[in-house]
Amino acid sequence: MLIAGFPAGAWATNCYLVAPAAGEECVIIDPGHQATQGVEDALRKHRLKPVAVILTHGHIDHVASVVPVCGAHDVPAWIHPADRYMMSDPEKALGRSIGMPLMGELTVGEPDDVKELTDGAALTLAGLEFTVAHAPGHTKGSVTFGMPEAVGGGDVPPVLFSGDLLFAGSVGRTDLPGGDHAEMIESLGRVCLPLDDSTVVLSGHGPQTTIGRERATNPYLRDVAAGYGSGPSAAPRRGM
């Protein structure tokens, strides 16, 4: 399996291209602010043909390049219905101005083909299977995408594209419109804790990690595992 990732834009949001191998079809995850050129560079480098864009949530730092990427390759975008409005109204999603001088050129709106994600759905795209888990807390429509251990054969570990739910050493912020601390705690416990320690976590910001490492060191995940979590942990939260 091939996973090519790069940080893009003002918030260094991770965009991922996932394919069975170089030279094959691929799925693009979270083409955010100023990600278009990085996507095109990765497609050329690995000789990939995109078949879909899938989105962990609707914040502008994760969806700003959806319209040009989908338009250039005539592919659909998948998003949870609770976050769909954010593509057309990013300022409402943030409760404040997004700062156009910082953002630069920005295409607001939906691509021509939008499909809606549901909890527990199994998406078969580019010969790969992604399991969708609704994981509200950062936003009402946040989701994660899981991939089983058997992908690619051999000793490939399972993978979780966690969006802004879980980071290396932290979790997503819950102080923006649609954020909810109690939902974040429930999502961490339901989505993350049952996963095998070997699961590779590829998040919306920052470096990759594993569930085992976060179970042992992430103060939020440790609190959830211990049955705590009603109050904020000492570690800062991340995300837009």
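This is a guided tour of a predicted model, moving from the whole chain to its two sheets, its cores and two unusual loop residues.

Residues are numbered from 1 along each chain as its sequence is written, and side-chain values use heavy atoms, with hydrogens and water left out. Because the model is predicted, local features need pLDDT of at least 70 and side-chain atom pairs count only at pLDDT 80 or more, while totals for chains, interfaces and linings use all residues.

**The whole chain**

Begin with the complete chain in cartoon view, where the secondary structure comes to eight helices and 14 strands; helices (H or I, at least four residues) and strands (E, at least two) are DSSP runs, numbered from the N terminus. Of the 240 residues, 53% count as buried, where buried means under 20% relative accessible area, exposed over 50% and partly exposed in between, with a 1.4 Å probe and protein chains only. Among contacts (heavy atoms within 4.5 Å) between residues at least 6 apart in sequence, 63% join residues at least 24 apart.

**The sheet from E1 to E6**

Select next the six strands that form an open sheet in the order E1-E2-E3-E4-E5-E6, with mixed pairing; two strands pair if DSSP finds at least two bridges between them. At the edges are E1 and strand E6 (114-116), each of which pairs on one side only, and the twist averages 25° from one strand to the next. Angles here run from 0 to 180 degrees between N-to-C directions, and axes are lines fitted to C-alpha atoms, for helices over the stretch in contact.

Then colour E3, which is largely enclosed by the rest of the structure because four of its five residues are buried. On one pairing, strand E2 (residues 13-19) and E3 are antiparallel over three bridges, and the bridge partner of Tyr16 in E3 is Ile29. E2 and E3 form a hairpin with five residues between them, and Gly23 in its turn has a positive phi of about 80°. E3 also pairs with strand E4 (residues 49-54), in the parallel sense and over five bridges, and Val27 stands opposite Ala52 in E4. Following the chain from E3 through H1 to E4 traces a β-α-β crossover that is right-handed, in the sense that, with the strands pointing away from the viewer, the path from the first strand over the helix to the second runs clockwise.

Toward the E6 edge, three bridges join E5 to E6, which run parallel, and Trp78 stands opposite Lys115 in E6. Helix H3 packs on this sheet, touching E3, E4 and E5, and its direction makes about 145° with that of E4.

**H1 against H3**

Show H1 and H3 together: their axes come within 9 Å and cross at roughly 35°. Thr36, Val39, Glu40 and Leu43 in H1 meet Pro68, Val69 and His73 in H3. The residues of this contact divide into four nonpolar, two polar and one charged, with Ala, Val, Leu, Ile, Met, Phe, Trp, Tyr, Cys and Pro counted as nonpolar, Asp, Glu, Lys and Arg as charged, and the others, Gly among them, as polar.

**The nonpolar cores**

Which residues touch the most other members of the largest nonpolar core? Of its 28 residues, they are Leu17, Ile28 and Val53; such a core is a set of buried Ala, Val, Leu, Ile, Met, Phe, Trp, Tyr and Cys residues joined through side-chain atoms within 4.5 Å. Elements that each supply at least two residues of this core include strand E1 (2-8), helix H2 (60-63), helix H3 (66-73) and strand E5 (77-79). Centre the view on Ile28, which touches, among others, Cys15, Val39, Pro50 and Val69, not counting residues up to four places away in sequence. Apart from the largest core lies another, of 22 residues, among them Val18, Ile29, Ala126 and Phe161.

**The second sheet and two loop residues**

Move to the open sheet of six strands in the order E7-E8-E9-E10-E13-E14, where the pairing is again mixed. Its edge strands are E7 and strand E14 (209-210), each pairing on one side only. E7 and E8 pair in the antiparallel sense over four bridges, and Leu123 stands opposite Phe130 in E8.

Most residues other than glycine have a negative phi. Select Ala126, in the loop between strand E7 (122-125) and strand E8 (128-134), where phi has a positive value near 55°; Ala126 is buried, with a relative accessible area of 9%. Finish at Asp30, in the loop between strand E3 (25-29) and helix H1 (36-46): Asp30 has a positive phi of about 60° although it is not a glycine, and Asp30 is buried, with a relative accessible area of 2%.
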